[in-house]
Amino acid sequence: MKKAIVVLVFLFCGSILMAQNANYEPIVTKIILVRHAEKMLDGSKDPELTTEGKQRAERLRFLLSDIDVDQIFSSPYIRTKNTVAPVAASKNITVEIYNPKDPNFSTYLWSKVKGETAIVVGHSNSIPALVNQLIGKDKFKELTEDVYSKIWILTYSDERLVDCSLYNF
């Protein structure tokens with residue numbers, strides 16, 4: 001009799017846990033990382049985008065037009081802000097400025113974007129380094145000065161990386 005009661009209690013508890021897990025939805029976080037578009041080579045430390053760079057910024061807006069974006073981060077430079085400006089305007093999102101040299105930015109980013117979709121725009125050295133921090137591997141190297149077409153999309157389920165895709169746009 002005691003065994004039967006124990007078995008019934010065990011089955012009852014198991015069915016409750018299964019019912020709870022059936023309603024469980026993981027927390028999905030997407031982080032889209034982009035190097036700024038083509039910049040003018042005018043010798044300044046903060047150049048504007050070239051005509052080609054402005055066209056690439058528009059392609060980025062079009063590429064992300066069907067994606068719900070919650071937050072956008074850009075380094076404080078004209079070229080990064082202008083790369084993401086068309087996306088920000090189309091989504092009516094204020095761009096948050098970050099320091100690409102801040103070694104704690106990835107931790108800050110996680111605290112802000114968990115369960116959301118965010119875009120981060122940076123530089124040939126900072127974006128691959130940030131991707132590496134976020135995936136926990138030293139996989140991607142600094143981009144050369146002539147590469148502006150890379151976009152990484154990282155997808156997490158309950159803070160566990162489930163996809164790291166690299167595209168050209």
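In the predicted model, Glu58 and Arg61 both belong to helix H2, where a spacing of three residues places them about one turn of the helix apart. The two side chains form a salt bridge, with 2.9 Å between the closest N and O atoms. Glu58 is partly exposed, at a relative accessible area of 37%, and Arg61 likewise counts as partly exposed, at 26% relative accessibility.

This pair belongs to a wider set of charged contacts, since the search of the whole structure finds eight salt bridges. Helix H2 (51–63) also contains Arg56, whose partner Glu38 lies in the loop between strand S1 (28–35) and helix H2, so this pair ties together parts that are 18 residues apart in sequence. The N to O distance in the salt bridge of Glu38 and Arg56 is 2.7 Å, and both residues are buried. Arg56 additionally lies over the face of Phe169, at 5.5 Å from the ring centre. A second charge placed over a ring is that of Arg79, whose charged end sits 4.9 Å from the centre of the ring of Tyr77.

The loop between S1 and H2 also carries Lys39, which is paired with Glu145 in the loop between H5 and S5; the two residues are 106 residues apart, and the pair links distant parts of the chain. Their side chains meet in a salt bridge of 3.4 Å, N to O. Lys39 counts as buried, at 18% relative accessibility, whereas Glu145 is partly exposed, with a relative accessible area of 45%. Together with Arg35, Lys39 and Glu145 are linked in a network of salt bridges.

Aromatic contacts were examined next. The count comes to five aromatic pairs. The ring centres of Trp110 and Tyr156 are 4.7 Å apart and the planes stand at 80 degrees; because an angle over 60 degrees counts as edge-to-face, the pair is assigned to that class. Trp110 is located in helix H4 (residues 105–113) and Tyr156 in strand S5 (residues 150–157), so the contact ties together parts that are 46 residues apart in sequence. Tyr156 is buried, with a relative accessible area of 2%. Strand S5 takes part in a further edge-to-face pair, that of Phe140 and Trp152, with 5.5 Å centre to centre and 80 degrees between the planes. Phe140 lies in the loop between helix H5 (126–135) and S5, and Trp152 in strand S5, so this pair ties together parts that are twelve residues apart in sequence. Both Phe140 and Trp152 are buried. Elsewhere, Phe73, Tyr98, Phe105 and Tyr108 form one aromatic cluster.

Phe73 is also a member of the largest nonpolar core, which comprises 21 residues; Ile31, Leu33, Phe73, Leu109, Val120, Val131 and Leu134 touch the most other members. Two or more residues of this core come from each of S1, H4, strand S4 (117–122), H5 and S5. The greatest contribution is that of H5, with five residues. Residues up to four places away in sequence being left aside, Phe73 touches Val95, Glu96, Tyr98, Phe105, Tyr108, Leu109, Lys112, Val113, Ala118, Ile119, Val120 and Val121. Apart from the largest core lies another, of 15 residues, which includes Val84, Ile119, Ile153 and Phe169. Phe169, a member of this other core, is the residue whose ring face is covered by Arg56.

Definitions and conventions. Residues are numbered from 1 along each chain as its sequence is written. This is a predicted model: local features need pLDDT of at least 70, side-chain atom pairs count only at pLDDT 80 or more; totals for chains, interfaces and linings use all residues. Side-chain values use heavy atoms; hydrogens and water are left out. Rings of Phe, Tyr and Trp (its six-membered ring) pair if their centres lie within 6.5 Å; planes under 30 degrees apart count as stacked, over 60 as edge-to-face and the rest as tilted. Helices (H or I, at least four residues) and strands (E, at least two) are DSSP runs, numbered from the N terminus. Buried means under 20% relative accessible area, exposed over 50%, partly exposed in between (1.4 Å probe, protein chains only). A charge sits over a ring if NZ of Lys or CZ of Arg is within 6 Å of the ring centre and within 35 degrees of the ring normal. A salt bridge is a side-chain nitrogen of Lys or Arg within 4 Å of a carboxyl oxygen of Asp or Glu. A nonpolar core is a set of buried Ala, Val, Leu, Ile, Met, Phe, Trp, Tyr and Cys residues joined through side-chain atoms within 4.5 Å. Contact means heavy atoms within 4.5 Å.
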